[in-house]
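I opened my notebook to record how a few strands and helices are arranged. The structure comes first, then my entries.

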Amino acid sequence: MRVANTDRVKAASTLFRLLGAGVVAGLIVALIALPAVGSAGLTARDAANNFEDMDSQLKTTPPSEKTVMYDGNGKQVATFFDKYRESVRLDQVAPIMRQAMVDIEDSRFYEHGALDLKGTIRAMASNVESESTQGGSTLTQQYVKNLLVDSAKTEQEYREATAPTVGRKLRELRYALDIEQRMTKDQILEGYMNVAYFSAGAYGVQAASKRYFSIPANKLKLGQAALLAGITQNPTAYDPIRNPIDARKRRDVVLYRMAQLGHISKAQADTEAAKPIELNRTDPVGGCESSKAPYFCEYVKYDMLNILSDGKYWELKPKQQENIVNKLNRGGYTIRTTLDMEDQHSVDRALRGTVAPGGNRVGAEAMVEPGTGKVRAIGLSKRFGPGKGRTTINLPADSRHGGGNGVSAGSTFKVFTLAAALDQGIPVSTTINSPQTTTVGGFQSCRYTGMYQGKKVDNGMLGGGPWTLSNAGDSEKGNFNLKTGTWHSVNTFYAVLEKRVGVCNAVKMAEKFGMKQANGNPLLPLPSQVLGVNDIDMVHLAAAYAGFAARGKYCAPISVTEVVDPEGKKLKLPKQDCHQAVDQAVADKVNSILQGVLTQGTAAGRGIGRPAAGKTGTCEEFTCAVFAGFTPNLAAATSYWDFRGPWQYKVYGVYGADIPGGMWQQSMRNALSGKPAPGFQTPSRDFGDTARVPEVKGDTIAAATAKLKGADLKVKVASGSVDSDQPRGTVVSASPDAGTEVPPGSTVILYVSSGKKPDGGHGRPNNQTPPWGN
């Protein structure tokens, strides 16, 4: 009874399949042939008319292509993709691979048009007789389907491209007819082999060949080609990594199909079928995580997003931003960058050799080329990526390049007040009494538009009034001029100097050198800005100091020099801001003063064996420490803080010359090793400079006089003599003392030895009151 029922069910099923096959076959024949047959029935004629009225032009974007980033020397440093694909010409694919693909997918490909009626009817008949199904799509139709799937931007478009409906098949057929008229068979095969999915994230035969065998497609052998050709029918089921048994069975199907068609011998098929699958995998890893310069890569990524959105990326809505990201990942762009891998290695070694990569405290650095603004390196002591001890925040950069809110600039910002003072004609010799703690009143407020303390300020007045401050632990108190006050980074000196210059003018000078807050807001024009109250990023700080290195020519930092699309067309890049921020002579004088920071100031001992200048920065209450320095051909800025929050987790006892200065010194030495060592230009005009009293103790009067006159100083020899162990007629001391900065033309008094040993007195001249008093 059960057998009878089963037989009746099978018979009914077969009947319905046969009827269905006949209807579909008839419909297809009608759609193709009946438009020219007048006796057709109304339904067939209408169907044919509808088919003819379908849009025949396949409107899709080119297949998604990986975007590749190169350094300044043309070496690949990163790839971006969501579909790992590397398109190649058909002649770059091994002939055996092309043959295997055609044999298993559409053996009559070069004989039929868009529709293979013989193949379709054979497949239908086979499906009637078997529980399994056999496809009837031509390779051209499969190419169309893959193009539609690849170009789908929404879930709805994807469902329409993959829906198991007659409507989808008819649409594909209509497109296929048009493609067959516009493209040669070889062009269609090339397109299909580049767009087809080969599982394991590999799109296209070149990507698949590298993914599974680590070789290009033109090196594929018979067994490898058969394996790849077999995957595309069902990429999930025939994935050789996850399903090696099924993948091998499918490979053998391809081999024996090729033998059946006479393209290889039975013996060849037997030999290859006897071999196990042997893979030599290369796992595709995209994005900046796999780059050897991940933080630089992140910086470029955001520059590219801005380029691809015509400079409007941060103004777009999240969905629009997502589309721009997809454009980067799928657009197949070639990106040429400013990265110098030697500089990058120097930065990475200095940072990670100084600061533990897995800790909470971080060291950050950026290098920029003076005169061009080209970013040469960006580094962080922490490893890039998700997971414990790592970070995906581009901490050396500003928020618009994947960074955070930055860190305090510390006293590195004093350079802009110094430049403003020199630009206004304030003499270098200007002396200011600078106590340990002081209150300076009368600061003028400035116009400001931006965020302040969480509120929007629109053209309001900000700053002004009195300011109480103290010197940092690494500076001194006393009388200082522009030179010595800078060398020793005296806060109270700079508070008074800033008042004379004007806070608004000092801020404008900083803005001329590209400075802004790391969160994108303008600099806050508070009196404390001179001590770095504004949080900034290392890339822009390095670029600003590079502006002084380039004799006052500031160039905004750039990371991208050229972008080329897959068709070879160059994209338009944003115009770079390069301008003379301050007169060359003023910049030369700033550089001259900053050189002293490395020889006799707060960073003494941080020289790099060539002409260099710099400025230390110790942040308020030890929230961070910063150092910025440069040579005429390279500038760098470094910082050190606790990335969990500088105000909650302070770096007590660390000054700018310590860890940041050490990282700068090591990285700059290595980066500049073997490169030219040009000197700085001498200022072309007088800035009311100071002269440094040379050491003359022990010299003869003649030798001492020559030294002092050579330093643009006058000489007076005190009357009488000083009892001393020194030989008679040699200098015992000078007033002012050696090392003192005085105005040029000042008189230095020399005290000369009598040659007699002191008799227990004070060693004073025989008839002279000592200049240092009682």
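My entries cover a sheet first and a pair of helices second.

Entry 1, the sheet. I note that the model is predicted. I looked up the strand order and found E23-E26-E24, in an open sheet of three strands with mixed pairing. I then checked which strands lie at the edges: they are E23 (714-717) and E24 (731-735), and each pairs on one side only. On average, neighbouring strands of this sheet are turned by 30° against each other, with direction ignored.

Entry 2, one strand pair. I reminded myself that strands in a sheet pair through backbone hydrogen bonds, either parallel or antiparallel. Which of the two applies to E23 and E26? E23 and E26 (residues 747-752) run parallel, and four bridges join them. I traced Val715 to its bridge partner in E26, which is Val748.

Entry 3, a helix on the sheet. I found helix H23 (residues 701-710) packed on the sheet, where H23 touches E23, E24 and E26. The direction of H23 makes about 165° with that of E26.

Entry 4, two helices. I moved on to H3 (residues 95-105) and H8 (residues 185-195), whose axes come within 12 Å and cross at roughly 90°. Angles of 65 to 115 degrees count as roughly perpendicular, so H3 is roughly perpendicular to H8.

Entry 5, the residues between them. Which residues of H3 meet H8? I listed Met97, Arg98, Met101, Val102 and Glu105 from H3, which meet Leu189, Tyr192 and Met193 in H8. Sorted by class, this contact has six nonpolar residues, two charged ones and no polar ones.

Methods. Residues are numbered from 1 along each chain as its sequence is written. This is a predicted model: local features need pLDDT of at least 70, side-chain atom pairs count only at pLDDT 80 or more; totals for chains, interfaces and linings use all residues. Side-chain values use heavy atoms; hydrogens and water are left out. Two strands pair if DSSP finds at least two bridges between them. Axes are lines fitted to C-alpha atoms, for helices over the stretch in contact, and angles run from 0 to 180 degrees between N-to-C directions. Contact means heavy atoms within 4.5 Å. Angles under 35 degrees count as roughly parallel, over 145 as roughly antiparallel, 65 to 115 as roughly perpendicular and the rest as oblique. Ala, Val, Leu, Ile, Met, Phe, Trp, Tyr, Cys and Pro count as nonpolar, Asp, Glu, Lys and Arg as charged, and the others, Gly among them, as polar.
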